[in-house]
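Trainee: Could you take one part of this protein and go through it slowly with me? I would like to follow the salt bridges and then the helices that come after them.

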Amino acid sequence: MKLTAEIHCHTIYSHGTGTIEDNVIAAREKGMNKIIISEHGPGHMVARKNTNATYMDMKKEIMELRKKYPDMEILMGLEANVISMNGDLDVNEELLEIVEVLYCGIHLMSIPKNISTFFNMQIMNTLSSKFGWFRNRQTRINTNALIKAIEKYPLRMITHPDTRGPVDIIELAKATENHGVILEINDTQSKLNEDDIRLIEKSGINITYAVGSDAHSKKDIGKWENARNILKKSGISLDKVWNVEE
């Protein structure tokens with residue numbers, strides 16, 4: 001199996017250690033021909049100083065790198081944050097115009113839209129993740145928030161589902177199938193495992209998966225040992241994986 005694209009990575013524009021070009025070079029050296037720079041949205045604590053102008057600067061840098069590395073497909077992505085139980089994301093119309101590939105995920109370090117979300121997602125998901133408390137309750141809240149985000153925004157992928165709070169993977173998969181959204185197998189922190197994939201496939205839900213390194217340094221670009229093992233154990237056809245081929 002071969003990883004053909006790095007589709008989830010971070011840079012010095014948040015809490016990554018490498019520049020955009022560092023990540024491009026690392027992906028190129030590892031034999032990939034595509035990279036999506038998917039920085040955190042401004043509603044994440046590590047990216048809270050970013051403005052639309054910041055993301056425009058990133059876009060301009062990417063456009064220059066396309067000229068420098070014409071053999072690489074380099075895209076401007078964004079890993080937006082779910083900031084309300086109604087599926088609102090930390091993006092506005094101007095930012096959506098800048099971004100070429102939009103992802104979203106639930107993050108415990110995101111800045112909630114209101115007090116209700118702070119309690120019901122940040123606090124309760126933290127308790128659920130650490131102690132297993134209120135799992136059924138949080139599963140309903142998180143799944144509903146992600147489905148509403150899928151319905152509201154032009155999303156390409158849900159990042160690390162079930163990692164920052166439990167979800168109903170079948171209900172989420174049904175929504176991604178209906179809207180053509182990908183589910184990520186995150187190499188760094190994936191709780192979407194081979195059992196989940198088998199369950200989705202057994203349910204007759206036809207979706208696409210993708211492998212993301214979630215790299216925060218250039219050395220981790222293209223890292224996918226854990227995700228590769230999940231794919232092997234799941235037994236699914238690689239035709240269903242966005243960025244992996246034989």
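Mentor: What follows is a walk through the salt bridges, then the packing of some helices, and finally a few single residues.

Please keep in mind throughout that this is a predicted model. Side chains of opposite charge can pair when their charged atoms come close. A search of the whole structure finds 12 salt bridges, and I will take three of them in turn.

Let us begin with Arg66 and Glu100, whose side chains meet in a salt bridge at 2.6 Å, N to O. This pair links distant parts of the chain, since Arg66 sits in helix H2 (residues 52-68) while Glu100 sits in the loop between helix H3 (93-98) and S5, and the two are 34 residues apart. Arg66 has a relative accessible area of 27%, so it is partly exposed, and Glu100 is also counted as partly exposed because its relative accessibility is 36%.

The next pair is Asp88 and Lys152, which form a salt bridge at 3.0 Å, again N to O. Asp88 belongs to the loop between strand S4 (73-81) and H3, and Lys152 belongs to helix H5 (residues 135-152), so this pair ties together parts that are 64 residues apart in sequence. Is each partner buried or partly exposed? Asp88 counts as buried because its relative accessibility is 15%, and buried means under 20%, whereas Lys152, at 45%, counts as partly exposed.

The third pair lies within a single helix: Lys174 and Glu171 are both in helix H6, three residues apart, which is about one turn of the helix. Their side chains meet in a salt bridge at 3.3 Å, N to O. Lys174 is partly exposed at 37% relative accessibility, and Glu171 is partly exposed at 35%. Returning to the earlier pair, salt bridges that share partners join Asp88, Lys113 and Lys152 into one network.

Helix H6 also leads us to the helix packing. H6 (residues 169-179) packs with helix H7 (residues 194-202) at an angle of about 60°, and their axes are 10 Å apart. That angle makes H6 oblique to H7, and the crossing of the two is right-handed. H7 in turn meets helix H8 (residues 225-234), where the axes come within 8 Å and cross at roughly 40°. H7 and H8 are therefore oblique to each other, and their crossing, too, is right-handed.

Two aspartates in loops that lead to these helices deserve a careful look at their backbone. Asp162 is found in the loop between strand S6 (157-158) and H6, and it has a positive phi of about 75° although it is not a glycine. Asp162 counts as buried because its relative accessibility is 16%. Asp214 is found in the loop between strand S8 (209-212) and H8, and it likewise has a positive phi, of about 60°, without being a glycine. With a relative accessible area of 5%, Asp214 is buried.

Finally, we can turn to the surface, where Met45, Met109 and Ile111 form a nonpolar patch with about 240 Å² of accessible area together. Met109 lies in the loop between strand S5 (101-105) and helix H4 (115-131), and it is partly exposed, with a relative accessible area of 44%.

Terms used
Residues are numbered from 1 along each chain as its sequence is written. This is a predicted model: local features need pLDDT of at least 70, side-chain atom pairs count only at pLDDT 80 or more; totals for chains, interfaces and linings use all residues. Side-chain values use heavy atoms; hydrogens and water are left out. Patches are made of residues with over 30% relative accessible area and no salt bridge: like charges are joined within 9 Å, nonpolar side chains (Val, Leu, Ile, Met, Phe, Trp, Tyr) within 5 Å. Accessible areas come from the Shrake-Rupley method with a 1.4 Å probe; for residues, only the protein chains shown count as cover. A salt bridge is a side-chain nitrogen of Lys or Arg within 4 Å of a carboxyl oxygen of Asp or Glu. Helices (H or I, at least four residues) and strands (E, at least two) are DSSP runs, numbered from the N terminus. Buried means under 20% relative accessible area, exposed over 50%, partly exposed in between (1.4 Å probe, protein chains only). Axes are lines fitted to C-alpha atoms, for helices over the stretch in contact, and angles run from 0 to 180 degrees between N-to-C directions. Angles under 35 degrees count as roughly parallel, over 145 as roughly antiparallel, 65 to 115 as roughly perpendicular and the rest as oblique. A crossing is left-handed if the near helix is turned anticlockwise from the far one by less than a right angle, and right-handed if clockwise.
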